[in-house]
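Here are some notes to read alongside the structure, written for someone who is new to looking at strands and helices. Please keep the view open while you go through the points.

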Amino acid sequence: MHGLEHRVLDFIRQHHLIKKGERLLVACSGGVDSMALLTFFVKFKEQLGVEVVVAHVDHMLRGEESHGDRLFVEQFCERYELQVVSCAIPIADIAEKRGGNIQSICREERYRFFSETMERLALDTLLTAHHADDQLESMLMALTKSANVGSLTGIQASRDFNNKKIIRPFLAVTKLEIREYLQDNGGGFREDASNAKDTYTRNRFRHRIVPLLKEENAHVSANVVHLTEQLQADQAYLQQLAEARFSAIFTKRQNNSYKMEISALQKEPLALQRRLILILLNYLYNDSTILQSYALCTTILKLCETVDGTVTIDLPEDFTARREYASMLFEKKQQHTFAPATVALNEWNDFGALRIFIGNPEHVELQSDAAEKYYFSAQTVNFPFYVRAREDGDRMTVLGMQKGKKVSRIFIDDKIPLVERDCWPLLVDAHNSILAVLAVRVNDKFSTTRRVADDTVLAIERISI
């Protein structure tokens with residue numbers, strides 16, 4: 001048995017990649033890697049107890065040359081009596097209409113075709129010919145683009161794919177071994193001329209960086225495969241721990257917003273703190289660039305180093321992270337508006353999360369045990385009353401103080417979230433004098449106990465704050 005075959009079979013067994021009876025879809029471009037993979041499975045499909053179907057995609061970017069690749073794959077499958085499903089996708093036309101990176105569009109359309117084929121033919125597993133050198137290139141590319149540990153875990157030997165799975169049996173072997181294996185088996189392949197160009201990032205790493213590393217250590221690709229396997233195992237375990245802790249630290253609220261208790265996060269090891277934030281970002285976003293942002297994760301963790309005061313930072317896509325003393329709230333930016341309104345007497349008036357009653361104390365019917373009641377004399381105030389938002393320079397005379405206190409200071413002292421201060425309802429009289437910061441403080445004309453001259457009550461109930 002060929003040395004490559006030994007290593008690939010051992011890799012398949014070690015990682016439990018294939019089960020007897022599975023129906024496999026082998027992605028085959030006609031290049032040396034995928035033709036070697038197809039050659040391997042032609043030889044071992046009966047031993048493994050699997051059925052093999054082949055898929056080929058012509059991206060229509062190289063004219064007759066790419067059409068020749070398709071014919072080559074189809075003829076190989078005909079020779080070995082393999083079912084082949086092939087298609088031609090006009091990538092250039094799609095790119096012109098949609099815009100974007102050609103390579104990304106090729107991959108997206110190719111995998112969409114693979115998924116549709118697997119669904120239509122009831123296939124279980126997609127196989128691609130990624131190998132150890134691909135793993136090395138992917139690790140190097142990730143290292144230059146990201147400071148996120150998760151991005152350094154590389155290509156996985158097996159992962160989910162639209163309720164199916166993808167496996168990479170050749171991750172255990174190098175490009176050179178694959179080429180030698182195909183030659184030893186008398187197999188042919190098609191050469192894609194674009195692979196020789198340095199237009200694409202991966203090609204630049206393949207042609208310039210990887211050869212230098214292999215001069216230092218010919219086994220560098222194998223070392224990276226072993227390293228990524230360890231990183232993947234560690235990452236999977238830490239991720240499992242983080243996901244188990246997430247619901248104890250974050251509370252989901254309406255409109256895809258989340259609240260976090262900072263003290264709970266601080267109790268977790270830093271390795272889990274980062275993963276918890278990344279889980280949150282995964283819930284908030286679909287953009288992989290955002291999810292892999294080391295700077296964004298670090299900025300959020302920096303906010304959690306203290307619980308003093310309130311701070312708000314902007315996140316991508318109109319989200320904000322707002323620290324309110326011991327809590328952190330992640331939510332979409334909200335437009336707060338508050339129009340002044342007249343207060344009707346002897347009936348309940350609703351103002352957002354609050355409702356108030358001003359009138360005869362004998363007529364008020366409280367609906368909550370937590371309602372606040374304040375008594376005052378109608379002779380000491382100027383009707384009508386209004387409710388409005390705060391204005392610059394607002395002050396209120398608080399019981400026990402001779403000078404008025406800034407409303408902004410009252411908000412700070414009572415730890416009212418910064419984002420809520422501009423729309424917090426203030427009760428004012430006909431002269432625009434502030435009588436109360438509702439549900440926070442009242443001025444010196446009010447009393448929690450009814451005095452002899454008091455003939456009017458202010459009742460405040462919280463609907464939801």
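The points below take up the sheet and then two pairs of helices in this predicted model.

1. The sheet is a good place to begin: it is open, it has six strands in the order β3-β2-β1-β4-β6-β5, and its pairing is mixed. At the edges lie β3 (83-88) and β5 (158-161), each of which pairs on one side only. Averaged over the sheet, and with direction ignored, neighbouring strands are turned by 25 degrees against each other.

2. Within that order, strand β1 (residues 23-27) and strand β2 (residues 51-58) run parallel and are joined by five bridges. If you would like one pair to look for, take Val26, whose bridge partner in β2 is Val54.

3. A parallel pairing is also found between strand β4 (residues 125-127) and strand β6 (residues 164-167), where there are three bridges. Here Thr125 stands opposite Lys165 of β6.

4. On its other pairing, β6 is joined to β5 by four bridges, and these two strands run antiparallel. In this pair Phe161 stands opposite Lys164 in β6. The two strands form a hairpin with two residues between them, and Asn162 in the turn has a positive phi of about 50 degrees.

5. Turning to the helices, two packed helices are described by the angle between their axes and the distance between the axes. For helix α1 (residues 3-14) and helix α7 (residues 175-184), the axes come within 9 Å and cross at roughly 120 degrees. Because angles of 65 to 115 degrees count as roughly perpendicular and only those over 145 as roughly antiparallel, α1 is described as oblique to α7. The residues that meet are Leu4, Glu5 and Arg7 in α1 and Glu177, Ile178 and Tyr181 in α7, and by class this contact has three nonpolar, no polar and three charged residues.

6. How do the axes of helix α6 (residues 132-145) and helix α9 (residues 220-249) cross? They come within 8 Å and cross at roughly 65 degrees, and the two helices are therefore roughly perpendicular to each other. The crossing of α6 with α9 is left-handed. On the α6 side the contact includes Ala132, Leu136 and Met139, while on the α9 side Val220, Val224 and Leu231 are among the residues that take part. Taken by class, the contact of α6 with α9 has eight nonpolar, four polar and one charged residues.

Conventions. Residues numbered from 1 in each chain as written. Predicted model: local features only at pLDDT ≥ 70, side-chain atom pairs only at ≥ 80, totals over all residues. Heavy atoms only, no water. Pairing = 2+ DSSP bridges. Axes fitted to C-alpha atoms, helices over the stretch in contact; angles between N-to-C directions. Parallel < 35°, antiparallel > 145°, perpendicular 65-115°, else oblique. Contact = heavy atoms within 4.5 Å. Nonpolar A, V, L, I, M, F, W, Y, C, P; charged D, E, K, R; others polar. Left-handed = near helix turned anticlockwise from the far one by under 90°.
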